[in-house]
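Colleague: I am new to this structure and would be grateful for a close look at one part of it, namely a pair of packed helices and what surrounds them. Please take the parts in turn.

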Amino acid sequence: MSANSLPTSRPAAGDRASHDAAKRIVLAQPRGFCAGVRRAIGIVERALDLHGAPVYVRKEIVHNHHIVAELEKRGARFVDREDEVPEGAVCVFSAHGVSPAVRTGAAARRLEVIDATCPLVAKVHQAAVRYARDERTILLVGHADHEEVEGVRGEAPELTIVVETEEDVERLDLPADAPVAYLTQTTLSFSETKRVIDALHHKFTDIVGPPGSDICYASENRQTAVKALARRNNLVLVVGSCNSSNSLRMVEVAREHGSAAYLVPDAGDLDERWLASAPSIGISSGASAPEILVRGLVERLASLGYTDVELDEGIPEDVVFSMPTRLADPRTGRVPRTPLADEAL
C-alpha cells in the first residue's frame with residue numbers, strides 16, 4: 001500500500017470540526033520520508049545486497065525505531081563508534097553526517113566506508129569548512145547533543161560555538177564587530193530559528209550566513225503542513241520516534257498554532273485520553289517515519305470511531321537524491337530501487 005493509498009476524501013472548507021460533527025482524520029500532505037532519508041535507507045539495503053550481512057552502520061541510519069529494527073532483521077549492525085566495527089568491514093555513515101575525526105578513525109581501521117550523509121547536511125559541512133578557512137567564528141544554531149551538530153562542529157571545533165536560543169546569543173562573549181558566520185541544523189523549527197538568526201544579526205555587525213535557510217525543504221514543508229492541520233483540527237498527532245528532531249519540532253509547531261499535539265512513535269503509544277475532546281484529528285509524520293506506522297495509527301483510530309479520512313492540500317514534493325554510483329548494478333549501471341526505502345512511494 002502506498003503513501004496515498006489510504007481511503008480518503010478531499011477536505012471540506014472550514015476550521016476545526018465542531019464537537020457534534022462526525023469523527024474524522026485529516027492526513028497531512030506532505031508527510032513521511034524525505035529524499036535524504038529514502039536515499040540513506042536505500043544505501044543500507046543496497047549495501048546488504050552487494051556485500052551480504054553484516055553491514056555495519058555508525059549510529060542509527062535515520063532516527064526511527066521501526067526502520068532500525070527492519071534493517072537489523074536484514075543483517076545491519078548498528079554501532080555507536082567506528083572503532084566498534086571490525087577492521088576492513090563495510091561501514092555506512094548515517095544520514096546525519098560525521099566529523100573529519102570519524103573519517104580519520106574509519107580510514108585507520110581500513111573500513112570500506114559508504115557515506116549516506118544527506119546532501120543537504122553535506123552542504124552545511126562544506127559551508128563550515130569555507131567559513132573556517134576565512135577565520136570566522138562559526139555560530140552553529142542547533143542542539144549540541146544532536147549527531148548532525150556534532151558532525152558539523154567537528155569540521156572546525158576550535159572556531160565553532162553552538163547556540164540554541166536567543167538567550168544563548170545574548171550570552172556570547174564576543175565583540176560586536178567580531179567576524180562571525182552562522183549555520184543551522186537542518187531539522188529545526190523554522191520560526192524559532194529565524195528568531196535566533198535575527199538576534200545574531202542584531203548583535204554582530206560583521207556576520208555572514210547561507211544565502212537561504214539551512215533548514216531542509218522537507219522539515220519546512222512538514223512544519224507548514226502541520227500548521228494547516230492545527231488550524232483545522234482539535235488534535236494533531238505526529239508519527240515519529242522520540243529522538244527524531246524534525247518530528248519533535250512538528251509537535252511544537254502544532255501547539256504554537258493552537259492545537260493539542262502529541263508525538264506517537266507507533267499506534268500502541270496512542271493514549272485514548274487525548275481523544276476525549278477531539279472529534280477531528282490531524283495526522284502527520286516526521287521525515288524519517290515510514291508510512292506503515294501512519295497506516296497503523298489510522299487503523300487504531302478507525303477502531304475508535306474515526307472512520308472519515310481526508311487528505312489535506314499540501315506542497316508537492318518531487319526531490320530525489322541520487323545514490324552513490326558504487327552501489328550501481330554492475331550489469332545495468334543503475335542503482336536498483338530497494339523495498340524498505342520505497343515503502344511509502
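Modeller: Contact here means heavy atoms within 4.5 Å. The model is a predicted one. Under that meaning of contact, Ser219, Arg222, Gln223, Val226, Lys227 and Ala230 of helix H8 meet Asn246, Arg249, Met250, Val253 and Ala254 of helix H9. Sorted by class, this contact has five nonpolar, three polar and three charged residues.

Two packed helices are described by the angle between their axes and the distance between the axes. For H8 (residues 217-232) and H9 (residues 245-256), the axes come within 9 Å and cross at roughly 30 degrees. Because angles under 35 degrees count as roughly parallel, H8 is roughly parallel to H9. The crossing in which H8 passes H9 is right-handed.

Both helices also take part in the lining of the largest cavity, to which H1 (35-51), H4, H8 and H9 each supply at least two residues. This cavity has a volume of about 270 Å³, and the count of cavities of 30 Å³ or more comes to one. Its lining comprises 22 residues, with Cys34, Val37, His96, Thr187 and Asn246 nearest the centre. Asn246 thus appears again, having been named among the H9 residues that meet H8. By class, the cavity lining has ten nonpolar, eleven polar and one charged residues.

Helix H4 (residues 119-133) leads on to the second largest pocket, where H4 gives the largest share of the lining, seven residues. That pocket has a volume of about 290 Å³. Of its 17 lining residues, Lys123, Pro210, Gly212, Ser213 and Asp214 are the closest to the centre.

Technical notes
Residues numbered from 1 in each chain as written. Predicted model: local features only at pLDDT ≥ 70, side-chain atom pairs only at ≥ 80, totals over all residues. Heavy atoms only, no water. 1 Å grid on protein atoms, 1.4 Å probe; cavity = no way out; pocket = protein on both sides within 12 Å on 5 of 7 lines; lining within 4 Å. Points joined across faces, edges and corners; volume = space filled by probe spheres on them. Helix = DSSP H or I, 4+ residues; strand = E, 2+ residues; numbered from the N terminus. Axes fitted to C-alpha atoms, helices over the stretch in contact; angles between N-to-C directions. Parallel < 35°, antiparallel > 145°, perpendicular 65-115°, else oblique. Left-handed = near helix turned anticlockwise from the far one by under 90°. Nonpolar A, V, L, I, M, F, W, Y, C, P; charged D, E, K, R; others polar.
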